[in-house]
Protein chains: 2
Amino acid sequence: MNIPTLRQLQFLVALGETGSFSRAAEACHVTQPTLSAGIKELEDLFGVSLAERESRGATLTHAGEIAVARASALLADAHALVQAVTSAGALFSGPFHLGAIPTIAPFVLPQIVGQLTRRYPDLKLYLTEDRTHRLIDQLRARTLDAAFIALPWEAPGIEVMTLFDDEFLLAAPAGHPLSRKNGLSPEDLQGEDLLLLEDGHCLRDHAVSICRLKTGGGREQVAATSLGTLVNMVAGGLGVSLIPRLAADNGLALGPDVAIRSFVTPIIGRQVGIAWKSGSPREAEARTLGELVRQQLRAQINAASIT
Amino acid sequence: MNIPTLRQLQFLVALGETGSFSRAAEACHVTQPTLSAGIKELEDLFGVSLAERESRGATLTHAGEIAVARASALLADAHALVQAVTSAGALFSGPFHLGAIPTIAPFVLPQIVGQLTRRYPDLKLYLTEDRTHRLIDQLRARTLDAAFIALPWEAPGIEVMTLFDDEFLLAAPAGHPLSRKNGLSPEDLQGEDLLLLEDGHCLRDHAVSICRLKTGGGREQVAATSLGTLVNMVAGGLGVSLIPRLAADNGLALGPDVAIRSFVTPIIGRQVGIAWKSGSPREAEARTLGELVRQQLRAQINAASIT
DNA sequence: TACTAATAATTGGAATTATCAATTTTATTT
DNA sequence: AAATAAAATTGATAATTCCAATTATTAGTA
């Protein structure tokens with residue numbers, strides 16, 4: 001079955017409202033013949049006369065009245081559709097699936113989750129914590145819209161916005177020689193028992209590659225499953241470790257048994273970024289998230305410089 | 001605000017259903033580029049990406065899902081509109097205002113009202129009984145859709161369908177000389193006291209003009225207000241009268257005091273027709289009504305010939 | 001890595017359609 | 001009868017839709 005054009009229905013509604021072909025045409029910003037033709041098409045389509053033409057304008061027939069009533073409703077619905085879809089496409093409306101690796105998640109997500117849910121009431125935010133390659137897979141499968149990951153990381157088809165440098169700090173047991181040494185440099189790590197996260201965490205890979213250490217021998221087999229346990233192991237005197245400043249600044253290593261020292265020349269162990277699938281319609285939101293994290297960081301730095 | 005085309009919405013719904021631009025295009029009987037362009041227009045209009053293009057078809061975004069849902073509803077409504085308006089334009093649906101002159105109404109309306117309301121349940125039939133010129137005015141003002149009137153009657157802008165000839169019969173008091181005379185002819189009326197309806201009834205005019213009688217003098221001042229009283233006056237012996245066969249056949253003058261005689265050569269006093277305003281969208285219905293009356297008449301004649 | 005298959009985007013031109021200005025028709029009013 | 005007002009008609013033009021052919025992109029496969 002054929003259906004009319006919304007435009008023709010607009011014509012018809014205007015005709016009903018004005019009671020005149022000419023004035024209706026004016027209201028629709030077309031000429032009278034155009035509107036006339038539109039109405040005629042409707043009449044042909046319906047097989048019904050919609051208006052009686054008189055010397056003093058036009059009057060709707062019974063069928064015309066019905067048509068106008070329904071057409072008005074339809075047009076209103078069409079406008080509502082535009083509204084709904086437009087706002088559905090606004091930033092952070094509807095479901096958003098956000099991921100982060102375990103060494104970033106606890107230090108970044110809490111703050112921005114609060115902000116987001118406050119600023120975007122229509123947002124349904126789903127969080128996932130997993131290792132980088134799993135997150136990337138999920139981005140590709142579109143079960144994730146964006147993810148905070150640590151760089152460098154090569155991933156074709158994935159775009160990344162770099163957010164900030166995250167330098168490595170030394171975590172050593174209180175009283176350890178390195179905790180007192182001035183001018184700490186990477187070479188000082190030689191010979192130390194270096195504690196690392198278990199395999200699969202990108203933080204481990206970054207630490208290894210940056211410090212140019214060969215992983216081999218018995219001691220390095222000791223591997224923690226999370227940053228928290230890693231710090232605990234340091235506190236227990238099992239060795240030293242490298243932890244990202246992001247974690248340290250967020251209160252990971254507060255305690256009397258662990259000393260945190262920074263290197264003279266900062267060792268940029270990793271960068272933090274937000275990633276999304278190339279061409280994703282959520283890119284704008286991902287970038288907005290990135291901006292949000294940057295602002296968060298600036299606020300932290302300002303707060304630190306004040307105290 | 002701009003609104004989308006129903007066509008574009010059909011494209012979108014098809015895209016949602018098939019999950020593929022190509023297959024959606026096929027379903028819509030257009031080529032893939034055409035459909036692609038349609039979707040892109042929607043996306044521009046909404047300022048939102050509606051579908052993610054992949055190598056294996058397309059998947060709707062959140063906004064796309066919402067758009068498809070609403071678009072489906074809108075299209076369904078559009079179809080319903082076509083249905084509703086089309087059937088609203090069917091014969092005898094909605095209000096129909098029907099008029100008739102007093103000398104026709106009681107003999108025609110009862111039967112067809114029954115038939116109409118039975119056959120067209122959607123019909124709201126309004127009846128008006130008035131004199132011809134008032135009915136004509138109402139047709140012109142479109143407060144009436146059609147009217148049964150007696151012809152001849154000149155009325156510019158009014159179209160008439162002639163239904164049947166209605167000959168005049170003589171009504172005379174029982175025992176009156178004319179009630180026994182053979183070979184009755186119009187000339188026999190000369191010298192008789194001719195009773196007529198009051199001024200304004202077309203029946204009177206027709207009788208006067210057909211019988212070429214001058215109205216003048218005291219006796220003709222006697223005027224009845226309806227056919228019923230006219231017959232009663234004849235029965236009372238006040239004079240003779242002419243009544244239409246339509247009325248006589250429908251039992252108007254049944255009674256021992258009145259004799260009904262037909263003329264040798266039938267005097268076609270009037271014709272009955274149905275009238276409507278030229279160009280009225282109700283013309284088809286008016287003609288249908290006319291047919292209905294004709295059938296009615298045929299049925300009556302058949303019944304009469306059987307008995 | 002190159003090749004193939006599947007799919008969507010792009011492009012350019014042809015056919016269709018929509019639109020308008022001018023005119024005509026029709027009915028009403030003066 | 002002339003003037004007025006409104007809708008229909010007409011014919012030319014402008015806009016648009018639509019398609020065929022091509023290109024681009026991605027994923028799967030040898």
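**Exercise 1.** In this predicted model, which parts of DNA strand D make up its atoms within 4 Å of the protein?

*Solution.* Take the atoms of DNA strand D that lie within 4 Å of the protein. Of these, 78% belong to sugar or phosphate. The rest belong to bases.

**Exercise 2.** Which residues come nearest to DNA strand D, and how do the residues around the strand divide by type?

*Solution.* Start with the count: 19 residues are around DNA strand D. Those that come nearest are S22(A), S36(A) and R53(A) from chain A, with R7(B) and S55(B) from chain B. Next, sort the residues of this surface by type: 10 are polar, 5 nonpolar and 4 charged.

**Exercise 3.** Find what lies 2.2 Å or 3.0 Å from a phosphate oxygen of DNA strand D, then name the elements that give two or more residues to the surface near the strand.

*Solution.* In chain A, an N or O atom in the side chain of S36(A) is 2.2 Å from a phosphate oxygen. In chain B, T31(B) places a polar backbone atom 3.0 Å from a phosphate oxygen. For T34(B), the atom at 3.0 Å is an N or O of the side chain. The elements that give two or more residues are α2 (21-27), α3 (32-46) and β2 (57-60) of chain A, and α3 (32-46) of chain B. The largest share, 4 residues, comes from α3(A).

**Exercise 4.** Where do the domains of chain A lie in the sequence, and what distance separates their centres?

*Solution.* The domain assignment gives domain 1 as 6-88 and domain 2 as 92-307. Taken over C-alpha atoms, the centres of domain 1 and domain 2 of chain A are 62 Å apart.

Conventions:
Residues are numbered from 1 along each chain as its sequence is written. Chains are lettered from A and ligands numbered from 1 in the order in which they are written. This is a predicted model: local features need pLDDT of at least 70, side-chain atom pairs count only at pLDDT 80 or more; totals for chains, interfaces and linings use all residues. Side-chain values use heavy atoms; hydrogens and water are left out. A residue is near a molecule or strand if one of its heavy atoms lies within 4 Å of it. A polar contact is a pair of N or O atoms within 3.5 Å; within protein, one must be able to donate a hydrogen and the other to accept it, and residues adjacent in sequence count only if both atoms are side-chain atoms. Ala, Val, Leu, Ile, Met, Phe, Trp, Tyr, Cys and Pro count as nonpolar, Asp, Glu, Lys and Arg as charged, and the others, Gly among them, as polar. Domain bounds come from an automatic or database domain assignment.
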